[in-house]
Amino acid sequence: MVAGGGGSRGRAAGAVPGGGRPLIITEDPLLLDDLLRLCAAAGAEPHVHHAVPGRTADGAGATGWDSAPLVLVGDDAARRVRGAPRRDGVLLVGRDLDDPSVWQRAVEIGAQEVLRLPDAESTLVDRIADVAEGAGRPALAVGVIGGSGGAGASTLACALALRAAKGGERTILIDADPLGGGMDVLLGGESAEGLRWPDFAASRGRVGAGALEESLPELHALRVLSWDRGERVVVPPAAMRSVVAAARRRGGVVVVDLPRRVDEAVAEVLAQLDLVLLVVPGELRSVAAAGRVAAGVRMAARDVRVVVRGRCPEGLDAEAVAGLLGAPLAGEVPVEVGLPGRVAEGEPPGARGTLARFCDGFWRRALGSAQGVPA
């Protein structure tokens with residue numbers, strides 16, 4: 001996804017409202033215990049049957065089989081399922097890793113995959129969670145990183161999130177810089193109730209997308225994941241990966257404020273972003289510093305674009321800055337003289353002015369004019 005691309009990825013179009021309950025068909029008590037445990041881990045409450053529910057001798061009335069978003073057929077029940085109407089989303093699940101006839105049974109019932117426990121537990125949890133959450137189009141994920149100190153990356157990230165939310169996009173703003181001032185502070189919500197990064201430091205595997213969104217502070221119609229005022233400044237890479245992935249599954253827009261140092265945890269975030277905006281003040285020293293930052297970001301990011309902040313000196317324009325950094329130009333952000341004072345008085349960045357207009361234009365290009373943020 002590029003800043004100038006067409007088409008909308010912003011809203012979660014195609015998501016299943018409210019998700020759905022998977023159907024489990026098995027009489028094996030040990031397998032059933034495993035499947036119930038995995039459903040609980042994925043936040044799903046399944047229907048459990050010994051055979052195709054409602055199925056009569058003439059094959060009529062198989063309503064549960066037709067309507068469940070996902071069907072988990074135990075190896076022991078494959079014969080009883082044979083002859084059921086073919087449908088998508090059927091998985092054959094068993095515990096015997098050495099059974100060569102399992103593929104024949106999978107073909108007979110029209111299963112899309114064969115999953116063997118315990119090896120496939122994480123895969124199965126992901127599949128169950130997708131239907132429980134009503135997984136649809138993932139969010140457009142945009143990272144913002146400063147090319148030098150004081151570039152204004154956090155201010156731009158905050159403004160982008162604010163304008164997306166004002167335009168009706170489901171928006172999550174993630175502060176991935178533990179040494180920054182805190183995005184909740186920038187939005188005037190440092191005392192707002194909700195979870196912060198240290199609460200997710202022990203996250204492993206999949207984080208529920210709905211639970212994540214509901215647990216975060218809501219400020220100015222967007223959700224914010226920031227840092228608390230404690231001393232913890234490290235979140236393991238696995239936790240970073242899980243949390244950002246969960247934020248993306250809710251659809252809409254995810255904006256990430258990135259630190260200038262790319263470590264393993266930041267690399268996990270960069271790998272999930274559609275676009276990274278490198279904010280560079282229009283001066284030669286900042287361009288030189290930004291070159292080193294860009295080199296680190298490109299190792300993990302798929303698309304890096306330059307945002308030039310402020311007026312460039314004579315002989316150096318925004319296109320030239322982007323050319324020196326070897327990246328496309330995403331735009332120019334004028335310096336707003338009165339912005340720091342307004343922020344100090346409690347007005348969030350991007351509430352109005354030239355920064356707001358830049359962000360509106362960015363989202364129109366990124367999300368598509370049909371569903372973009374109005375000017």
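This is a short walk through the fold, the two sheets, the cores and the aromatic pairs of one protein model.

Okay, before anything else: what you see on the screen is a predicted model, not an experimental structure. Let's start with the overall picture. The secondary structure comes to 14 helices and 13 strands. The protein has 375 residues, and buried ones make up 52% of them. On the outside, about 16,500 Å² is exposed, and carbon and sulfur atoms supply 51% of that. One more number for the overview: take the contacts with a separation of 6 or more, and 71% of them are between residues 24 or more positions apart.

Now the sheets. There's an open one with 5 strands, all in parallel pairing, and the order reads β2-β1-β3-β4-β5. At its edges you'll find β2, residues 47-49, and β5, residues 113-116; each has a single partner strand, so one side of each is left without a neighbour in the sheet. From one strand to the next, the twist averages 25°. If you want to zoom in somewhere, try β3, residues 71-74, and β4, residues 90-94, which pair over 4 bridges in the parallel sense. There, V73 stands opposite L92 of β4. And which strands does helix α1 lie across? Those are β1, β2, β3 and β4. The helix covers residues 29-41 and runs at about 170° to β1.

The other open sheet has 8 strands, and here the pairing is mixed. Its order is β8-β9-β7-β10-β6-β11-β12-β13. Its edge strands are β8, at 218-219, and β13, at 329-333, and each of those pairs on one side only. Inside this sheet, β7, residues 171-175, runs parallel to β9, with 3 bridges joining them. Look for L173 there, standing opposite V224 in β9.

Two helices to click on over here. Helix α6, residues 153-166, lies across six strands, namely β6, β7, β9, β10, β11 and β12, and runs at about 170° to β10. Then there's α12, residues 318-325, which lies across β11, β12 and β13, at about 140° to β12.

On to the cores. The largest nonpolar core has 47 residues, and those with the most contacts inside it are I174, W197, L258, V276, L278 and V321. Which helix gives the most to it? That's α9, with 6 residues. Take L278 as an example: leaving out residues up to four places away in sequence, L278 touches a whole list, including I145, A290, V293, V304, V306 and L325. There's also a second, separate core of 36 residues, and A164, M183, L219 and F362 are among them.

Last stop, the aromatics. How many aromatic pairs does the structure hold? There are 2. One is W197 with W227, a tilted pair at 6.0 Å centre to centre, with 35° between the planes. W197 sits in the loop between α7 and α8, and W227 in the loop between β9 and α9, so this pair ties together parts that are 30 residues apart in sequence. Both tryptophans, W197 and W227, are buried.

The other pair is F362 and W363, and this one is edge-to-face: 5.0 Å centre to centre, 70° between the planes. Are these two buried or exposed? F362 has 0% relative accessibility, so F362 counts as buried. W363 is buried as well, with a relative accessible area of 0%.

Methods: Residues are numbered from 1 along each chain as its sequence is written. This is a predicted model: local features need pLDDT of at least 70, side-chain atom pairs count only at pLDDT 80 or more; totals for chains, interfaces and linings use all residues. Side-chain values use heavy atoms; hydrogens and water are left out. Two strands pair if DSSP finds at least two bridges between them. Axes are lines fitted to C-alpha atoms, for helices over the stretch in contact, and angles run from 0 to 180 degrees between N-to-C directions. Contact means heavy atoms within 4.5 Å. Rings of Phe, Tyr and Trp (its six-membered ring) pair if their centres lie within 6.5 Å; planes under 30 degrees apart count as stacked, over 60 as edge-to-face and the rest as tilted. Buried means under 20% relative accessible area, exposed over 50%, partly exposed in between (1.4 Å probe, protein chains only). A nonpolar core is a set of buried Ala, Val, Leu, Ile, Met, Phe, Trp, Tyr and Cys residues joined through side-chain atoms within 4.5 Å. Accessible areas come from the Shrake-Rupley method with a 1.4 Å probe; for residues, only the protein chains shown count as cover.
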